[in-house]
Amino acid sequence: MADIRKSKTDDAFVCVGMITAPHGVRGAVRVKSYTVDPDNLVGYGPLFDAKGQAKFKLSPVGHVRDQLIAKIDGVDDRDAAERLRGTKLYVPRTALPETEDEDEFYLADLVGLKAHHVDGSLFGTVRGVADFGAGDVIEIALEEVRGKVVVLPFTKEVVPKVVLSERMLVVNPPEGLLQDEEGPGNRTRRPGNARKDSQADRDSDAVTADAVGAETATGSGKEA
């Protein structure tokens, strides 16, 4: 689900990474970045905690596997680095690069949109977009069934239209979805016709639903 937080000033913050572990004894940390290039993480400037209060200034010093090794101002020993384990790192939504056309958007921007069925009826409200490893899926809280959430493949076939200017999108749910006895917990994926990912798609985490709560963006191919 999209990991979007509000600060006390009501500014939206988007998760772009997470500190996973200390590295060495001099205060360096390992950071799981949700950007295409892990080094892009530091290009957003200071990062914040989930409350939008604590500020972290990262300086990259290397890489290990798919993670960034970085020093953080004011963190000078392993104990201090250990206390940051599991800290999610956020940037203000306004710090993300602007999209360049109407078919390009950040997944974070989809949260809260009204979902209309292709027949024109109100289907529900978008709760989040996630990637469980087999392509993006979109979570929608149904309008007519309070408390029920359905998970749809985020493909052109199933989500043929997104209109951010009108705060809405159109869905064409697979036949029989609402009669599925397994209900909203059924997170099966359907291959093919997936929306094209862009660098912006992945440079925002803003959204995944894995253990580290990534947040991404999607669209027509903008590079952040």
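**Figure 1. Salt bridges in the predicted model.** This predicted model has a count of three salt bridges, with a side-chain nitrogen of Lys or Arg required to lie within 4 Å of a carboxyl oxygen of Asp or Glu. The panels that follow take the pairs one by one: Asp-66 with Lys-32, Arg-85 with Glu-82, and Asp-109 with Arg-93.

**Figure 2. Close-up of the salt bridge between Asp-66 and Lys-32.** Here the two side chains meet at 2.8 Å, N to O. Asp-66 sits in the loop between strand S6 (58-64) and S7, while Lys-32 belongs to strand S3 (residues 28-33), so this contact ties together parts that are 34 residues apart in sequence. How accessible is Asp-66? Its relative accessible area is 45%, which makes Asp-66 partly exposed. Lys-32 also counts as partly exposed, at 24% relative accessibility.

**Figure 3. Close-up of the salt bridge between Arg-85 and Glu-82.** The side chains of Arg-85 and Glu-82 come together with an N to O distance of 2.7 Å. Arg-85 has 43% relative accessibility and so counts as partly exposed. Glu-82, with a relative accessible area of 34%, is partly exposed.

**Figure 4. Close-up of the salt bridge between Asp-109 and Arg-93.** In this pair, the closest N and O atoms are 2.7 Å apart. Asp-109 and Arg-93 are both found in the loop between strand S8 (88-92) and strand S9 (114-117), yet they are 16 residues apart, and the pair links distant parts of the chain.

**Figure 5. A surface patch of negative charge.** Which residues gather in this patch? They are Asp-73, Asp-76, Asp-77 and Asp-79, which come together on the surface. Take a look at Asp-76, placed in the loop between strand S7 (67-72) and helix H1 (78-82). With a relative accessible area of 56%, Asp-76 is exposed, because exposed means over 50%.

**Figure 6. Strands S10 and S11 side by side.** Strand S10 (residues 122-131) pairs with S11 in the antiparallel sense, over seven bridges. One place to find this pairing is at Val-129, whose bridge partner in S11 is Ile-138. S11 is mostly covered, as six of its seven residues are buried.

**Figure 7. The hairpin of S11 and S12.** On to the next pairing: strand S11 (residues 136-142) and S12 run in the antiparallel sense over five bridges. Among the partners, Ala-141 stands opposite Val-149 in S12, and Ile-140 has Val-150 in S12 as its bridge partner. Six residues lie between the strands of this hairpin, where Gly-147 takes a positive phi near 85°.

**Figure 8. Strand S12 and its buried side chains.** Is S12 largely enclosed or left open by the rest of the structure? Strand S12 (residues 149-153) is largely enclosed, because five of its five residues are buried. The side chains are worth tracing along the strand: Val-149, Val-151 and Pro-153 point one way, Val-150 and Leu-152 point the other way, and all are buried.

**Figure 9. Two arginines with positive phi.** Arg-65 has a phi near 55°, a positive value in a residue other than glycine. Where does Arg-65 sit? Its place is in the loop between S6 and S7, and at 75% relative accessibility Arg-65 counts as exposed. Arg-167 is not a glycine either, but has a positive phi of about 55°. You will find Arg-167 in the loop between strand S13 (161-163) and strand S14 (168-171), where it counts as partly exposed at 43% relative accessibility.

**Figure 10. His-116 and Asn-172.** His-116 is part of strand S9. With 24% relative accessibility, His-116 counts as partly exposed. How far apart are His-116 and Asn-172 in sequence and in space? They are 56 residues apart in sequence and 8.8 Å apart in space, taken from C-alpha to C-alpha.

Methods. Residues are numbered from 1 along each chain as its sequence is written. This is a predicted model: local features need pLDDT of at least 70, side-chain atom pairs count only at pLDDT 80 or more; totals for chains, interfaces and linings use all residues. Side-chain values use heavy atoms; hydrogens and water are left out. Patches are made of residues with over 30% relative accessible area and no salt bridge: like charges are joined within 9 Å, nonpolar side chains (Val, Leu, Ile, Met, Phe, Trp, Tyr) within 5 Å. Accessible areas come from the Shrake-Rupley method with a 1.4 Å probe; for residues, only the protein chains shown count as cover. Lys and Arg count as positive and Asp and Glu as negative; His and the chain ends are not counted. The place of a charge is taken as NZ of Lys, CZ of Arg, CG of Asp or CD of Glu. Helices (H or I, at least four residues) and strands (E, at least two) are DSSP runs, numbered from the N terminus. Buried means under 20% relative accessible area, exposed over 50%, partly exposed in between (1.4 Å probe, protein chains only). Two strands pair if DSSP finds at least two bridges between them.
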